[in-house]
Amino acid sequence: MTANVTIRIQQADFDIAREISALTEGHTDIGAVVSFSGICRGSEASETIAALTLEHYPGMAEEEIARHVDTAMSRWPLSGVSVIHRVGRIIPGDNIVLVLTASEHRQAAFQAAEFLMDYLKANAPFWKREESAGGTSWVEARHHDDDAAARWAKP
Amino acid sequence: MKLKYFAWVRERIGKSEETLEPPSSVRTVEELMAWLAKRDETYAHAFETPKVIRAAIDHAHVKPDAAIAGAREIAFFPPMTGG
């Protein structure tokens, strides 16, 4: 069966149940679906976050995500992958990103989902601007995310 | 070639994109950043810490020593915070 692959960048919110349904449609070989959703927190350190605005590089963002999805599909036996990343203004509690992976058995789905999130965090061209009481500032990238991506490098 | 700027690089320069033709003596991404920095103080401010700036040529991440010859689009941006 052909893998179902969905990659979307959108302002609108996503419905996780609906996306899982779309991912598994037409497949009888799926025994495991893993879902990760990234959510906007209401605070960072001790500061309250009023909102996040997500900027992205149209064209490159889709291509970069597709490259990582291709890598995941070549490393693990996956029946499907969905990556949805929101852009625009997001408030605490809102969804930001969704990664779904489907496979026959759970190990591939779990590992591929974590791999995709680590790579997305390190390489996908999106930038967050944070509004708080202190003003508006660009969120700084964390080296931790580059390290997380590096641990997937094959020996 | 088309140049694109994102996040605070865009804010400091005051433009999201432009078309420029650097001289043929500018051969790599880091040479291009140095050349851009000399245009005016907004560019100098954007590129004041070149080590922090990331680049992509035709939608693919590249290192500072990457050659720019033949590039259609070069983008400069801070480290990413997606996901």
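**Packing, loops and contact in a two-chain model**

In chain B, the buried residues of α2(B) pack against four elements of that chain, namely α3 (41–46), β3, β4 and β5. The model from which this is read is a predicted one. Helix α2 spans residues 29–37 of chain B, and its buried residues are B:Val29, B:Leu32 and B:Leu36. Because these residues cover an arc of only 55° around the axis, they lie on the same side of α2(B).

Two of the strands that receive this helix, β3 and β4 of chain B, are joined by a loop that deserves separate attention. Strand β3 covers residues 54–57 and β4 covers residues 60–62, and B:Asp58 is placed in the loop between them. The phi angle of B:Asp58 is positive, about 45°, although the residue is not a glycine. B:His59 is found in the loop between β3 and β4 of chain B as well. It also has a positive phi, here of about 75°, and it is not a glycine either.

Are these loop residues buried or exposed? A residue needs 20 or more other C-beta atoms within 10 Å to be buried, and it is exposed at 12 or fewer. B:Asp58 has 16 other C-beta atoms within 10 Å and is therefore partly exposed. B:His59 has 18 C-beta neighbours inside 10 Å, so it too counts as partly exposed.

Chain B also touches chain A. The contact takes 14 residues from chain B and 20 residues from chain A. On the side of chain B that touches chain A, the elements giving two or more residues are α1 (7–13) and β5 (73–77) of chain B. Strand β5 of chain B thus appears in two settings, since the buried residues of α2(B) pack against it and it gives two or more residues to the side that touches chain A. By class, that side of chain B holds nine nonpolar and five polar residues, with no charged residues.

The partner, chain A, has a secondary structure of four helices and nine strands. From the N terminus on, its elements follow the order β-α-β-β-β-α-β-β-β-α-β-β-α. The C-alpha atoms of chain A fill a box of roughly 50 × 40 × 30 Å along the principal axes. A compact globule of 155 residues would have a radius of gyration near 15 Å, and the 16 Å of chain A agrees with this. Of the 155 residues in chain A, buried residues make up 32%. Among the contacts in chain A with a separation of 6 or more, 76% are accounted for by residues 24 or more positions apart.

Key. Residues numbered from 1 in each chain as written. Chains lettered and ligands numbered in written order. Predicted model: local features only at pLDDT ≥ 70, side-chain atom pairs only at ≥ 80, totals over all residues. Contact = placed C-beta atoms within 7 Å. Nonpolar A, V, L, I, M, F, W, Y, C, P; charged D, E, K, R; others polar. Rg over C-alpha atoms; globule rule 2.2 N^0.38 Å. Arc of directions from axis to C-beta.
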